[in-house]
Structures are given as structure tokens and as C-alpha cells.
Amino acid sequence: VEDAYPTANDGFQIEFLQWGGGRNFANATSSLSSSTSSNTPENFVILLHGWSGGPEYFQFAMQTLKHNDKTCYIAPRLRGHGCKDDMKGKFHISRLAKDVHDFIHWLKKKQICAQNQQFSFVGTSMGCAIIWSFVELFGESEVKNYTFVDQAPLQNMRDDWCLGSTGCFDEASLKNLQRAVLKGPDLSEFADGNERACLAEGSSFKCEKEVKECTMGCKPEALAELMADHTNLDWRPLVGSLEKPALVVVGESTQIFPWKGVAYVGFLMNNAQTMVCKDCGHWLYLEQPGLFGFALSNFISTTGSGEIQSPSNESIEADLRGGYEFYKDKFYFIDAKSVDYRFLGGSPKHYKLL
């Protein structure tokens, strides 16, 4: 059936996982009837996973929420990350942003959402860069709010920037990373090392097998090509121009960036909250899925004008009516604009607060 599945403009079929929202949209064989479309979800949340990951990464946080017809969470599988059409197209951030745009067009064409629907965009790691590219290309008219998870606005080092990636920050380190993903015979060794780096240092947390399987399913050449583009993109000017509300989430013990590099996103924005998850690394949404699901559900109800509505989902772990009290020992908010971002030399850990 034509348009049963979302397709990008170059014919790439977009696969996705869905939680909530009532009916399953994964095989929308026809447009919804007018009676059905009147009951479409109010909130649509697009979850964009990071480099070498997959939409399955979000299932752990999604399982901590009581889903309903009101809010639909959708996580596309990024091109090059285990899709049936992974041989199709080029692998760079703007191409993935166009895929998201085409996916939204499909949702509207199939009357799965309203024509004037605004979306909550959630990006983890490289998923943030895809959102920034989306806004650069298509503007903020389709954005309700943002959640940016553990991603600095620039990975590479520059004369005026040293808060980027700790593992891929110049041409030499990029080549090392590319060799690691291309060495073969598969991505098993790389996946194990990636897990150690993405969890908090010294963490005893063990990822579910689905996490490694996502990396194992990726196309190595796609990962190498994507990182070459991703690591060199400077999003600082764009991030500073964003107007819609944002939640910036930082892993207190992230090993992928200095934590201040992530917090700098909140510093650049005029309408952002910055939340730090204690004892968490880059994969904070895996290490603390209940906290992440709760914070996300609470925040996405914020309107484009900043008005806070009732939470979109109830949490299985915590009573939303009690606010953040249940998780009070697992996170804290900071004023990102009061942080001293000067590098003091030596280890990237040598930063200080004013």
C-alpha cells in the first residue's frame, strides 16, 4: 500500500518504535477517518537516539511510564543504524534531519497528527545535532519544546573551545575512532568499549543485551562517515538563537564530554532548564530510566510559550503529583549561566563552579 510506511525523499524507508498514542501507526495503510482523527493524540514526542545506538535505547525509560491515548512517543531508527535500507543515501547530519522532516510530513499526510501539530523533540547525544540541523533547515514552527541529553554544541577543539568530546576532538582522534568501527570482523569489540565509555566511570550498571545488539546492527561505514561530519559541526550560534523551551540533561559523571560542555547548551539558551543526573554517565537514560522518563513526561507538557501544563504521563515509579520528591537524591538543577566555563588545564575534570 502506498505510504503505508514513512519514506524519505530518496526512497529510504523510515522504521520506528512507538509508545502510547492509542492505535499503532507503524502500518498506517490508509489515512485516518475524520472521526478517528478528531481523537488523535495531543502530544507527539520524537525521540532521536545517538550515534551507534537505536530506538530500543528509549524502551527502558518508556517502560516506566503509564501510557495513554493523549501522548504518543515515536523513536525513528536513524539511517545507517540497522535499517533495511542502510545501503541507501549518504550519512551526514543534515540528511538525518531531512529524514525527520519527511517522517513528520508522513504523520501529517496520514492524518496521524494535526496539520498544525507541534512536536516535542528529544535528542540524546548525536540526536541533539540532528534536531539543531532540523531547526537550521526548517525553522522552529513545528517545535513545541526540546530535550537535549548529554551533547556539547561542538565536539572538536577550537581556539575558543575546549569543552567538546573527550574521545573524538580532532582529525587524529577521528581517524582512531573510524579505525575502531571499521576493523572488523564485526562491531562486538567496539560495542563493549563503547559501553564502558558511555556509562559513569566505575559504574556497576550492566546494559541489557538489546543495547549491544543495536550497535552490532549498525553499518560500520555509515558510522565512520557520520562521525566525520558530526564531530566538526559547530552549533553554538544556532543553539543561542533557539526560542522554544528546553530541558538540558547532563550526566554528572559523563566520560564522553566534560560535563560543562553539555551544560553550555543551557548557558547559550535563553529559555532552558539544566538538570544534572547524579552518578550517571552519557547513557543516563539507561542508568536512571525512571528519573529520565519522569522528567521527560513532566517537561514535554510545557507549551511553546513556556506555560506548564499537567504531566503527559503518570510514572510507574513515582507519583507525579508529588513532584520530583521521589527522585530528590538522584538529580539537581543548576543555573547554567552561573557556571565558570574556563578551562584550568590538565585533566578535563579540572573545572570549577563560580
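# A guided tour of the side-chain contacts

Begin with the rings: select Phe, Tyr and Trp across this predicted model, and the count comes to 24 aromatic pairs, a pair being two rings (for Trp, its six-membered ring) whose centres lie within 6.5 Å. As you go, keep in mind that residues are numbered from 1 along each chain as its sequence is written. Because the model is predicted, local features need pLDDT of at least 70 and side-chain atom pairs count only at pLDDT 80 or more, while totals for chains, interfaces and linings use all residues, and side-chain values use heavy atoms, with hydrogens and water left out.

**The aromatic cluster and a neighbour in sequence**

Select F294, Y324, F326, Y327, F331 and F333, which together form one aromatic cluster. Then add K328 and E325, whose side chains form a salt bridge with the closest N and O atoms 2.9 Å apart; the term stands for a side-chain nitrogen of Lys or Arg within 4 Å of a carboxyl oxygen of Asp or Glu. K328 is partly exposed, with a relative accessible area of 47%, where buried means under 20%, exposed over 50% and partly exposed in between, using a 1.4 Å probe and protein chains only.

**R77, R79 and their partners**

By the same rule, the structure has 17 salt bridges. One of them joins R77 to E56, at 2.6 Å from N to O, and this pair links distant parts of the chain, since R77 is in the loop between β4 (71-76) and α3 (93-109) while E56 is in the loop between β2 (43-48) and α2 (59-62), 21 residues apart. Here helices (H or I, at least four residues) and strands (E, at least two) are DSSP runs, numbered from the N terminus. R77 counts as buried at 14% relative accessibility, and E56 counts as buried at 17%.

Move next to R79, which meets D99 in a salt bridge of 2.7 Å, N to O. R79 lies in the loop between β4 and α3 and D99 in helix α3, so the pair ties together parts that are 20 residues apart in sequence. Both R79 and D99 are buried, and salt bridges that share partners join D10, R79, R95, K98, D99 and D102 into one network.

Keep R79 selected and show F12, because the charged end of R79 sits over the ring of F12, 4.2 Å from its centre; this requires NZ of Lys or CZ of Arg within 6 Å of the ring centre and within 35 degrees of the ring normal. A second such case is K337, whose charged end sits over the ring of F267, 5.4 Å from its centre.

**A buried charge and the cysteines**

Go now to E195, in helix α6 (residues 188-198). E195 is buried yet has no salt bridge, and the nearest side chain of opposite charge, K206, is 5.9 Å away, with Lys and Arg counted as positive, Asp and Glu as negative, and His and the chain ends not counted. Leaving aside residues up to four places away in sequence, E195 touches C207 and W283, contact meaning heavy atoms within 4.5 Å.

C207 is buried as well, at 15% relative accessibility, and its sulfur is 8.5 Å from the closest cysteine sulfur, in C198, too far for a bond. The structure holds 0 disulfides, a disulfide being a pair of cysteine sulfur atoms within 2.5 Å. For C83, the nearest cysteine sulfur is that of C218, 8.8 Å away, and C83 is buried, with a relative accessible area of 8%.

**Last stop: helix α8**

Finish with helix α8 (residues 220-230), where A222, L223, A224, L226, M227 and H230 are buried. Show α3, α4 (126-138) and α5 (171-182) too, for the buried residues of α8 pack against them.

How values were computed
Rings of Phe, Tyr and Trp (its six-membered ring) pair if their centres lie within 6.5 Å; planes under 30 degrees apart count as stacked, over 60 as edge-to-face and the rest as tilted.
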